[in-house]
Amino acid sequence: MPVRSLDKMGVIGAGAWGIALANATTRAGRNVILYGRDTTQVEALNETRESKRLPGVKLAGNVVATDDLAEAGRANALLLAIPAQELRAVVTALAPHLARSTALIACAKGIERGTQKFLTDVIREAAPEAVPAILSGPSFAADVASGLPTAVTLASTDNVMSIALARALGSSTFRPYHTTDVRGVEIGGAAKNVLAIAAGIVAGKKLGPSALAALTTRGFAELVRFGRALDAKPETLTGLSGLGDLILTCSSPQSRNFAYGAALGRGEPPPDKLAEGAFTAQVLAEMATAKDIEMPITQAVAAILADKLGIDDAIDMLLTRPIKAE
């Protein structure tokens with residue numbers, strides 16, 4: 001289908017990731033409207049160009065913040081920088097304000113609880129006339145907002161649209177690779193968050209770098225098995241949105257999910273209740289069971305979060321699994 005001009009881009013969500021994406025998009029030469037639902041926060045962003053969510057980072061000059069969802073909906077395409085579990089409600093509210101065939105790019109990483117829907121499916125149901133897309137990959141908000149080099153994957157089943165969006169967002173410091181393998185990108189983002197919690201637990205328990213490397217490697221094997229069962233392309237799973245993102249989030253406390261798991265491993269309350277993997281773990285485990293996909297690490301994380309299994313018992317269970325070929 002013909003692609004509309006993408007000179008005016010919208011970002012829904014004025015948290016750290018939304019601000020980061022707004023700044024990155026302006027570096028690509030686009031004008032950006034940034035929607036936040038908190039009027040006080042929006043006014044402060046327009047006045048001070050700073051946010052407590054990203055200390056030391058200035059909001060780019062050609063970003064205009066608004067609390068008017070209808071105004072934001074008039075953008076040529078929108079990046080949805082909101083948690084996965086809030087996506088349906090926000091897109092439902094946004095849908096009446098969209099022109100036909102507006103691209104809606106999910107920028108969260110998860111699976112909707114209750115429905116077991118991936119994020120582009122949620123968009124398709126909540127805004128039937130929009131074009132769903134997904135952006136994912138190894139990227140921390142502080143790095144993207146500051147203009148540090150970052151590469152991600154952008155997927156849409158509409159190849160023309162995926163190429164156009166990647167070009168519209170790309171700059172010398174933010175490089176989107178385009179693909180039509182939407183499901184592969186979604187699986188990589190959702191599964192790696194759950195595995196990052198497991199990696200954080202390993203770090204919090206001080207089990208050592210060898211254990212962390214083993215956990216990450218075997219976790220990746222689970223991600224690949226799940227992806228293959230849902231017809232994801234191998235190159236997507238081994239690419240930025242799969243292996244690349246897994247490596248990043250399984251190795252750094254900047255990751256909300258890693259930090260969440262590390263707190264659990266230390267026996268402390270998790271510092272961030274918005275870690276996407278904490279919401280996705282049970283859904284992913286249920287889907288794996290239903291499809292008879294072997295994902296013991298994922299199942300262990302889901303059991304720990306549901307208070308059905310202690311961390312020490314989970315570790316013993318994983319270490320005493322039958323010996324087999326890799």
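Which residues lie nearest the centre of the second largest pocket? In this model, which is predicted, they are Arg-218, Ile-297, Leu-318, Leu-319 and Arg-321, and they belong to a lining of 27 residues. I would like to start from that pocket, go on to the helix pairs around helix 14, and then turn to the largest pocket, the contact of helix 8 with helix 12, and the cavity.

The second largest pocket holds about 770 Å³ of space, and the elements that each supply at least two residues of its lining are helix 8, helix 9, which covers 209-229, helix 14, and helix 15, which covers 311-319. Helix 9 gives the most to that lining, with six residues. When the lining of the second largest pocket is divided by class, it has 20 nonpolar and seven charged residues, and no polar ones.

Helix 9 and helix 14, both named in that lining, also form a helix pair, with axes that come within 8 Å and cross at roughly 100 degrees, which means that helix 9 is roughly perpendicular to helix 14. From helix 9 the contact uses Leu-215, Arg-218, Gly-219, Glu-222 and Arg-225, and from helix 14 it uses Pro-296, Ile-297 and Thr-298. The residues of this contact divide into three nonpolar, two polar and three charged. Please note Arg-218 and Ile-297 here, since these two take part in the contact of helix 9 with helix 14 and are also among the residues nearest the centre of the second largest pocket.

Helix 14, residues 296-305, has another partner in helix 13, residues 276-290, and here the axes come within 8 Å and cross at roughly 125 degrees, so helix 13 is oblique to helix 14. The crossing of helix 13 and helix 14 is left-handed. On the side of helix 13 the contact is made by Gly-277, Ala-278, Ala-281, Gln-282, Leu-284, Ala-285, Ala-288 and Thr-289, while helix 14 brings Thr-298, Gln-299, Val-301, Ala-302 and Leu-305. By class, that gives eight nonpolar and five polar residues, with no charged residues in the contact of helix 13 with helix 14. Thr-298 of helix 14 appears in this contact and also in the contact with helix 9.

Now to the largest pocket, which has about 1,100 Å³ of space and a lining of 38 residues, with Gly-15, Ala-16, Trp-17, Ala-81 and Arg-256 lying nearest its centre. Two or more residues of this lining come from each of helix 1 (16-27), helix 4 (87-94), helix 6 (141-146), helix 8 (182-204), helix 11 (240-249) and helix 12 (256-266). The lining of the largest pocket divides into 19 nonpolar, ten polar and nine charged residues.

Two of the helices in that list, helix 8 and helix 12, have axes that come within 6 Å and cross at roughly 40 degrees, and therefore helix 8 is oblique to helix 12. The crossing of helix 8 and helix 12 is right-handed. Helix 8 enters the contact with Asn-193, Ala-196, Ile-197, Ala-199, Gly-200, Ile-201, Ala-203 and Gly-204, and helix 12 with Asn-257, Phe-258, Tyr-260, Gly-261, Ala-262, Leu-264, Gly-265 and Arg-266. Sorted by class, the contact of helix 8 with helix 12 has nine nonpolar residues, six polar residues and one charged residue.

Finally, how many cavities of 30 Å³ or more does a search of the whole structure find? The search finds one, and about 40 Å³ of space lies in this cavity. The residues that line the cavity are Ala-108, Lys-109, Gly-110, Leu-119, Ile-134, Ser-136, Val-185, Glu-186, Gly-189 and Ala-190. Strand 6, residues 131-136, and helix 8 each supply at least two residues of the lining, and helix 8 has the largest share, with four residues. By class, the lining of the cavity has five nonpolar, three polar and two charged residues.

To close on helix 8, this helix gives residues to the linings of the largest pocket, the second largest pocket and the cavity.

Definitions and conventions:
Residues numbered from 1 in each chain as written. Predicted model: local features only at pLDDT ≥ 70, side-chain atom pairs only at ≥ 80, totals over all residues. Heavy atoms only, no water. Axes fitted to C-alpha atoms, helices over the stretch in contact; angles between N-to-C directions. Parallel < 35°, antiparallel > 145°, perpendicular 65-115°, else oblique. Left-handed = near helix turned anticlockwise from the far one by under 90°. Contact = heavy atoms within 4.5 Å. Nonpolar A, V, L, I, M, F, W, Y, C, P; charged D, E, K, R; others polar. 1 Å grid on protein atoms, 1.4 Å probe; cavity = no way out; pocket = protein on both sides within 12 Å on 5 of 7 lines; lining within 4 Å. Points joined across faces, edges and corners; volume = space filled by probe spheres on them.
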